[in-house]
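Biologist: Please take a close look at the charged side chains that pair with each other in this model. I would also like to know what surrounds them.

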Amino acid sequence: MEIRVLKYFLMVAREENITKAANLLHLTQPTLSRQLIQLEEELGVQLFQRSRHRIILTEDGMLLRRRAEEIVALADKTKDDFMHKQDALAGIIAIGSGELHSSTYLAHRIAGFQKENPLVQFTFYSGNSDNIKERLERGLLDVGLLQEPVDISKYSFIRTPVREQWGVFVNEDATLATKETVSPKDLAGMPLIMPDRENIKSELLNWFGSDAENLHIIATGNLLYNLATLAKETGGCVVSLNMACQYPGLRFIPLSPSVTSGTILVWKKTQTFSSATNAFINYLKHSQNV
């Protein structure tokens with residue numbers, strides 16, 4: 001498979017129309033159709049279901065799209081790393097981060113680094129720690145900001161000074177909203193919206209103790225905005241980190257006994273990085289000691 005042909009395939013998958021895709025790629029329709037047929041023959045699968053007006057990906061086509069997006073992204077990143085070998089430090093550094101209060105710590109470090117190296121750019125991927133680790137393993141990210149607990153045996157790391165505080169977002173007119181803190185008994189039987197990471201959920205269930213048997217979990221998820229919207233509509237409580245965000249109609253209340261999580265900046269021990277990424281990692285190490 002050629003990278004060029006994978007890019008053709010991704011364009012067709014996006015447009016769902018060979019004519020439109022061919023125009024955007026500056027190819028003739030017969031040329032593009034021939035490339036797709038050859039790709040199907042090479043893989044031995046049918047990638048599209050064709051009709052008069054549009055084409056739809058088959059299950060094999062959807063699998064290839066996911067793989068092709070990763071391959072093309074990695075190829076582009078590799079090309080960019082080599083293009084920026086020049087006197088002035090330049091390049092693109094790929095960062096992964098969850099929705100964390102310690103993102104402010106990371107942003108401060110990035111801002112300081114860019115003042116010294118204005119030609120370096122950053123690209124961000126947002127996800128939970130499991131998503132970020134997967135992309136680090138595939139070489140799609142250089143550095144990740146992870147929430148503990150997390151297995152970091154394959155990574156070098158710097159621990160941030162920020163402790164993430166756990167609590168609940170509740171409707172302002174709910175009885176719980178009058179409290180300064182909430183206990184496990186306060187939440188027992190309440191409609192709860194929980195994080196979807198299993199190891200985080202396990203830690204929170206330990207906090208509930210014997211009241212864990214009485215939990216009424218109505219949903220799980222990983223993007224707080226969506227979960228906060230659900231809480232407003234259902235009257236539920238979102239068990240979440242406090243990221244100093246305001247959600248109209250909701251109030252954040254800390255857990256008691258207090259529960260906090262650490263965060264770490266990680267990068268693969270065995271990976272060879274671009275000059276820009278190496279310089280940024282060294283900057284992180286130095287700034288930790290300042």
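Modeller: The answer below starts with the chain as a whole, goes through the salt bridges one by one, and then turns to the rings and the cores.

This is a predicted model, in which local features need pLDDT of at least 70 and side-chain atom pairs count only at pLDDT 80 or more, while totals for chains, interfaces and linings use all residues. Residues are numbered from 1 along each chain as its sequence is written, and side-chain values use heavy atoms, with hydrogens and water left out.

The chain has 10 helices and 11 strands; these are DSSP runs, numbered from the N terminus, with helices (H or I) of at least four residues and strands (E) of at least two. Its C-alpha trace spans about 65 × 55 × 35 Å along the principal axes. Of the 290 residues, 45% are buried. Buried means under 20% relative accessible area, exposed means over 50%, and partly exposed is in between (1.4 Å probe, protein chains only). Contact means heavy atoms within 4.5 Å. Among contacts with a separation of 6 or more, 73% join residues 24 or more positions apart.

Now the charged pairs. Side chains of opposite charge can pair when their charged atoms come close. A salt bridge here is a side-chain nitrogen of Lys or Arg within 4 Å of a carboxyl oxygen of Asp or Glu. The count comes to 15 salt bridges.

One of them joins Glu40 and Arg50, whose closest N and O atoms are 3.4 Å apart. Glu40 sits in helix H3 (residues 29-43) and Arg50 in strand S1 (residues 48-50), so this pair links distant parts of the chain, 10 residues apart. Glu40 is buried at 11% relative accessibility, whereas Arg50 is partly exposed at 44%.

Another salt bridge runs between Arg197 and Asp130, with the closest N and O atoms at 3.8 Å. Here the two residues are 67 residues apart: Arg197 is in the loop between strand S7 (191-195) and helix H8 (198-208), and Asp130 is in helix H6 (residues 129-137). Arg197 is buried, with a relative accessibility of 5%; Asp130 is partly exposed, with 40%.

Helix H6 also supplies Glu137, which meets Lys268 of strand S11 (residues 260-268) across 131 residues of chain. Their N-to-O distance is 3.6 Å. In this pair the acidic partner, Glu137, is partly exposed at 32%, and Lys268 is buried at 15%. Salt bridges also join up into a network that links Glu70, Glu134 and Arg138.

A charge can also sit over a ring, which is counted if NZ of Lys or CZ of Arg is within 6 Å of the ring centre and within 35 degrees of the ring normal. Arg135 lies over the face of Tyr125 in this way, 4.2 Å from the ring centre.

Next come the rings. Rings of Phe, Tyr and Trp (its six-membered ring) pair if their centres lie within 6.5 Å; planes under 30 degrees apart count as stacked, over 60 as edge-to-face, and the rest as tilted. The structure holds 9 aromatic pairs. Phe113 and Phe122 have ring centres 6.2 Å apart and planes at 85 degrees, so they are edge-to-face. Phe113 is buried at 2% relative accessible area, and Phe122 is buried at 17%. Trp207 and Phe208 are edge-to-face too, at 4.9 Å between centres and 75 degrees between planes. Trp207 has 13% relative accessibility and counts as buried, as does Phe208 with 3%. Ring pairs join Phe113, Phe122, Phe280 and Tyr283 into a cluster.

Last, the cores. A nonpolar core is a set of buried Ala, Val, Leu, Ile, Met, Phe, Trp, Tyr and Cys residues joined through side-chain atoms within 4.5 Å. The largest has 41 residues, of which Val168, Leu187, Leu255 and Phe280 touch the most other members. Neighbours within four places in sequence aside, the contacts of Leu255 include Trp166, Val168, Leu187 and Trp207. Apart from this core lies another, of 21 residues, including Phe9 and Val12.
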